[in-house]
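This report describes a protein chain together with its ligand. Please examine the sequence and the structure before reading the sections that follow.

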Amino acid sequence: MPNSACEAEVVIVGAGIAGLATAVALHRIGIGAVVLERSDGLRATGAALSLFPNAWLALDALGISHKLNPIYVPLTEGSFTDVQSKRVQEVSLAAENCKGEVSGPRVVHRKALLEALAEELPAGSIRFSSRLTGFETKVDPDSSEPQYTVMLDDGTAINAKVVIGCDGVHSVVARKLGLSSAISSGRWAVRGLAVFAEGHGMAHTVHQFVDAGKRAGCAAMNDKEVYWFLTCKVPENHKDATTDPETIKKQVIEDLARDFPPIYHEVVDHADLTTLSWAPLVFRYPWDMLFGKLADGNVTVAGDAMHPMTPDLGQGGGLALEDAVVLGRHIGFTVAAPGKLDGKKVGQALRGYVRERWWRAAAVITGSYVSGWVQGGGTNWFTRLLRIVFYMFAFKKLVNYASKYDCGELSTRDFISSGV
Ligand SMILES: Cc1cc2nc3c(=O)[nH]c(=O)nc-3n(C[C@H](O)[C@H](O)[C@H](O)COP(=O)(O)OP(=O)(O)OC[C@H]3O[C@@H](n4cnc5c(N)ncnc54)[C@H](O)[C@@H]3O)c2cc1C
């Protein structure tokens, strides 16, 4: 039995990109949320991520983009090097967003993004060291509204009208909804930041290097920092990937990227060891999202909890930001009074959110998988030819498809105050 209970309109599980962005979206429509985070602070594992024009439109809608936009330079050019043949292909990364503005992705510090979101929330909204263990549902006999008792590992409980699982790829909430577990893509990734105290002197270009079963890349974030990554197929015993950063760096330079060009070695050599991490790459089959429930009653999921995907289009975080705006807009339809939701209408709003997100998420999961498969593929003549054709004709189309998307705006204040 819980040893104490408090009340909240909405409980959001997870203070990652999806959870914080959803809390900001709800805050903008006048609804407070409690954000539960199992760690004792904001987790910036992965160091940085690229945000494409669709993500920036979502950040515009959340009122956040102005804090980050001026700090990071858009990357409009990319070069792809086949490590064995040394063939280099140039690809433009500049794309038009739905508003007709042409830009490229910007590589942003994860910590800066999380902090930019968190500082928009009222003090005390995020409860750190609070791990969700499960929740129970009942229907209030007087109002016939669904109600949820959310249980934490310290024995406390929170009663809420709505539960939103933003708890990542191994989401407890997704499991409770009946969604299948995310499955392994058979690949892992290592990521980190390289710091050049005197400046790196690199152009603001995304460099990628492809070798048998491996793909690596680096991109300047500003004049001194370069984000780098390497994805590779790994043997089964790699499940116990080391967490020692010195060993990770050594593995990359001396083994995994041994044949890669000097520019990549130099970047990895400058790694800030505190930023290095290995991650298994997982995804959910789009049809599992169709047959599993993405919402049930007043419970739903967002971000990786809904649509884990391989990072081969750099869109997981972007879609998490889009989810937040769309979810905020639909929940906005159920505001009954300032700060209060009509719990009987929320279920319908969440179904609207799921309908709006399903195709988008399924398409981007599929595109990411295909992109990863072609780019990280083998070295026989067929896969090489496929890659050349892919970079010539398909890569930019896929990037444009994923990034030319406008998730729309949050509900307007007039609409909310009318209490429709
Ligand atoms: C190698 C790699 C590269 C990537 N590159 C990009 C990129 O360039 N661009 C991009 O847009 N995306 C990229 N992504 C994807 C992106 O990182 C994710 O899609 C994004 O972080 C998802 O955010 P989230 O909030 O849904 O999940 P998470 O960031 O995983 O956050 C979930 C949070 O929930 C907390 N949590 C989990 N369980 C519980 C619980 N039971 N109780 C309380 N708290 C809990 C966790 O501690 C965590 O803080 C990449 C991913 C990988 C692996």
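## Polar contacts with the ligand

A polar contact is a pair of N or O atoms within 3.5 Å. The model discussed here is predicted. An oxygen atom of the ligand lies 2.9 Å from a polar backbone atom of Ala 18, and this pair counts as a polar contact because the distance falls within 3.5 Å. For Ile 17, a polar backbone atom is 3.0 Å from an oxygen atom of the ligand. In the case of Ser 50, the partner is an N or O atom of the side chain, at 2.7 Å from a ligand oxygen.

On its own, the ligand has 1,000 Å² of accessible area, and the protein covers 89% of this area. The elements that give two or more residues to the surrounding shell are helix 1, strand 3 (48-51), strand 13 (183-195) and helix 9 (316-332).

## The shell around the ligand

Which element provides the largest share of the shell around the ligand? That element is helix 9, with three residues. In total, 31 residues surround the ligand, and Glu 37, Ser 50, Arg 110, Asp 304 and Gly 317 come nearest. Ser 50 is thus among the nearest residues and also has a side-chain N or O atom at 2.7 Å from an oxygen of the ligand.

The residues of the shell can also be sorted by chemical character: 11 are nonpolar, 12 are polar and eight are charged.

## Helix 1

Helix 1 comprises residues 17-28, 12 residues in number. From the first C-alpha to the last it reaches 16 Å, close to the 16 Å expected at 1.5 Å a residue. After the helix comes Gly 30, whose phi is positive, near 85°.

Is helix 1 mostly covered or mostly uncovered? It is mostly covered, with 10 of its 12 residues buried. Ile 17 and Ala 18 are among the buried residues, as are Gly 19, Leu 20, Ala 21, Thr 22, Ala 23, Val 24, Ala 25 and Leu 26.

## Buried residues of helix 10 and strand 19

Arg 357 is found in helix 10 (residues 343-375). Its relative accessible area is 0%, and therefore Arg 357 counts as buried. Leaving out residues up to four places away in sequence, Arg 357 touches Met 306, Leu 319, Glu 322, Asp 323, Val 326 and Tyr 405. Gly 352 also has its place in helix 10. At 9% relative accessibility, Gly 352 is buried, because buried means under 20%. The C-alpha atoms of Gly 352 and Ala 295 are 9.8 Å apart in space, while the two residues are 57 apart in sequence.

Val 301 lies in strand 19 (residues 299-301) and is buried, with a relative accessible area of 0%. Residues up to four places away aside, its contacts are Gly 165, Ser 171, Val 173, Ala 174, Leu 177, Leu 179, Leu 294, Met 306 and Tyr 353. Met 306 is thus touched by Val 301 and by Arg 357. The C-alpha atoms of Val 301 and Phe 382, which are 81 residues apart along the chain, are separated by 40 Å.

## Two further buried residues

His 307 is found in the loop between strand 19 and helix 9. Because its relative accessibility is 0%, His 307 counts as buried. Apart from neighbours within four places in sequence, His 307 is in contact with Arg 284, Met 289, Gly 316, Leu 319, Ala 320, Asp 323, Ala 361 and Ile 365. Leu 319 and Asp 323 are among the contacts of His 307 and also among those of Arg 357.

Ala 189 lies in strand 13, and at 5% relative accessibility it counts as buried. Not counting residues up to four places away in sequence, Ala 189 touches Leu 230, Thr 231, Ser 277, Trp 278, Ala 279 and Leu 281. Ala 189 and Gln 89 are 100 residues apart in sequence and 23 Å apart in space, C-alpha to C-alpha.

## Positive phi in two loops

Lys 86 is a residue other than glycine, and its phi is positive, near 65°. Lys 86 is found in the loop between strand 4 (77-82) and strand 5 (88-92). Is Lys 86 buried or exposed? Its relative accessibility is 62%, so Lys 86 counts as exposed.

Ser 144, which is not a glycine, has a positive phi of about 50°. Ser 144 is placed in the loop between strand 10 (132-139) and strand 11 (146-152). At 45% relative accessibility, Ser 144 counts as partly exposed.

Conventions:
Residues are numbered from 1 along each chain as its sequence is written. This is a predicted model: local features need pLDDT of at least 70, side-chain atom pairs count only at pLDDT 80 or more; totals for chains, interfaces and linings use all residues. Side-chain values use heavy atoms; hydrogens and water are left out. Helices (H or I, at least four residues) and strands (E, at least two) are DSSP runs, numbered from the N terminus. The expected span of a helix is 1.5 Å times one less than its number of residues. Buried means under 20% relative accessible area, exposed over 50%, partly exposed in between (1.4 Å probe, protein chains only). A residue is near a molecule or strand if one of its heavy atoms lies within 4 Å of it. A polar contact is a pair of N or O atoms within 3.5 Å; within protein, one must be able to donate a hydrogen and the other to accept it, and residues adjacent in sequence count only if both atoms are side-chain atoms. Accessible areas come from the Shrake-Rupley method with a 1.4 Å probe; for residues, only the protein chains shown count as cover. Ala, Val, Leu, Ile, Met, Phe, Trp, Tyr, Cys and Pro count as nonpolar, Asp, Glu, Lys and Arg as charged, and the others, Gly among them, as polar. Contact means heavy atoms within 4.5 Å.
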